[in-house]
Amino acid sequence: SAITGIGSRGIGSNLNRVATAVVELNAASTAYVNEHDFDRMLPVLNGLGASNDSEGSWFDLSKARSGSECKDSMSSIAGPRVLLPLMFTCFHLLYDSDGVISRASSKALKAIVSTCLDQIQSSKEEQENSSHNAWLKFIESTFMPCLKVGIMAKNLPARRSFVLLVSHVSKLFKGFQSVHLYGDLECLIREDDPDQDFFLNVTHVQLHRRARAFTKLRKLILSDGKESNFSDQSCGNILLPLAMHPVYEIKSKSEEAYVVEAIATIGEIAKKLPWGKYNGTLQTLLNNLTRYPDQERFLIATMCAIIDAFHFDVDTGNSSDDSGTAATDEESTKGNGVWRSLNNRIIPKVETFLVKEKIDKHGSKSKCLRSSVALALMKLFQKLPIATFEAKLPKLVTVVCNGMQNKDSDERDTARDTISKMAVSIDLKYL
């Protein structure tokens, strides 16, 4: 194979040993179709999961070797860079349906995290300077991006392994200042009480344990106030994807309480997100609404929770905002990036979900108002400059009032209840 050919450039070098290990990890059984050769794979995985002083460990394979058998200097690479093919193979094996292989791969990947920490701490160079420490740069720029991709996987067993790897990294690197190592998530780990450990609960097979994990996380975020214990990277790359999974994966009514708790947590996380991540998350959600019709109700609720969490400064670039006169559509190209995205993309897209068409048992079409979307837009408009709010309000009120002309008495009641809630939240002069 190509890997064997690359490794054969220096017999006995660490590159050759890594190439041999990769070939062994991908060995297929010669006796059975679509089966692994466990006799060749497991010794390599067990060696990678062993301590640093063991033969076949990550550290042992990373050491450059010199001697009469290794004549080509390019075939011996010192440091963690040579371990990349082996690390990527272990990540791939996390998706394997065979539990023995996936668990051994997870153990091996935890071992490389511990190896990185040991080498960083034993180094005489500055620990926090990733440009001078190869092991720190390796885990920041190569290992962690794989974890960020993995926690968004749809494969549940594989995702569980990735989440527990994140927990392992944050526990070991809690004292480091780098936000890419997620040391701030260490407060969610409870080794003294596994029942309160967020990462163990969120990957638990029981629904009430997963719901408990989001309840704990939401309360922790609420207790932070304006100063969050979690960095923007932790909120956007780890916590938000974990909370979004239940919304897309709900399959039965028994999961509704769990999903509702996840949606409430998403709303709290969204309050801590920077604009780029907030905007991207909301845009993705709006685009997915028509692609997941079975989850529409929960996606709408998630969209409203994110809109309610809007917390950014808006500059429309219109001087009339101060005087209270109405803004015009010609101002769509003015203002800061937040306003342009809101005015040109987000608000028009959300307004298309204000009313839903449904077909009754007789085949006739009717329109029903989505009350939650109307109230979410109302809260969003109230956070905009006064002139913009006054320009947007009449259209929203008109749509809600049209709902009171519906033939269905339930829909009329919904519209009346919505307009009453809107009236309570605005100033008396608008009545």
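**Exercise 1.** In this predicted model, classify N34 as buried or exposed, and say where N34 is found.

*Solution.* Begin with the cut-off: a residue counts as exposed over 50% relative accessible area. The relative accessible area of N34 is 78%, so N34 is exposed. N34 belongs to the loop between α2 (14-25) and α3 (38-48). Its phi is near 55°, a positive value in a residue other than glycine. Most residues other than glycine have a negative phi.

**Exercise 2.** Classify Y182 as buried or exposed, and give its phi.

*Solution.* Buried means under 20% relative accessible area. Y182 has 2%, so Y182 is buried. The loop between α8 and α9 contains Y182. Phi of Y182 is near 55°, a positive value.

**Exercise 3.** Check the span of helix α8 (residues 156-172) against the value expected at 1.5 Å a residue.

*Solution.* Take one less than the number of residues and multiply by 1.5 Å. For the 17 residues of α8 this gives 24 Å. The end C-alpha atoms are 25 Å apart, which agrees. At the start of α8, a side-chain oxygen of N155 comes to within 3.1 Å of the backbone nitrogen of A158.

**Exercise 4.** Determine how far α8 is enclosed by the rest of the structure, and what covers its buried residues.

*Solution.* Twelve of the 17 residues are buried, so α8 is largely enclosed. Among them are F162, L165 and V169. The cover includes α5 (84-93), α6 (99-122), α7 (134-150), α9 (198-202) and α11 (232-249).

**Exercise 5.** Describe the surroundings of T302 in helix α14 (residues 296-308).

*Solution.* T302 has 0% relative accessibility and therefore counts as buried. Leaving aside neighbours within four places in sequence, T302 is in contact with M244, V247, I263, I266 and L285.

Notes
Residues are numbered from 1 along each chain as its sequence is written. This is a predicted model: local features need pLDDT of at least 70, side-chain atom pairs count only at pLDDT 80 or more; totals for chains, interfaces and linings use all residues. Side-chain values use heavy atoms; hydrogens and water are left out. Helices (H or I, at least four residues) and strands (E, at least two) are DSSP runs, numbered from the N terminus. Buried means under 20% relative accessible area, exposed over 50%, partly exposed in between (1.4 Å probe, protein chains only). Contact means heavy atoms within 4.5 Å. A polar contact is a pair of N or O atoms within 3.5 Å; within protein, one must be able to donate a hydrogen and the other to accept it, and residues adjacent in sequence count only if both atoms are side-chain atoms.
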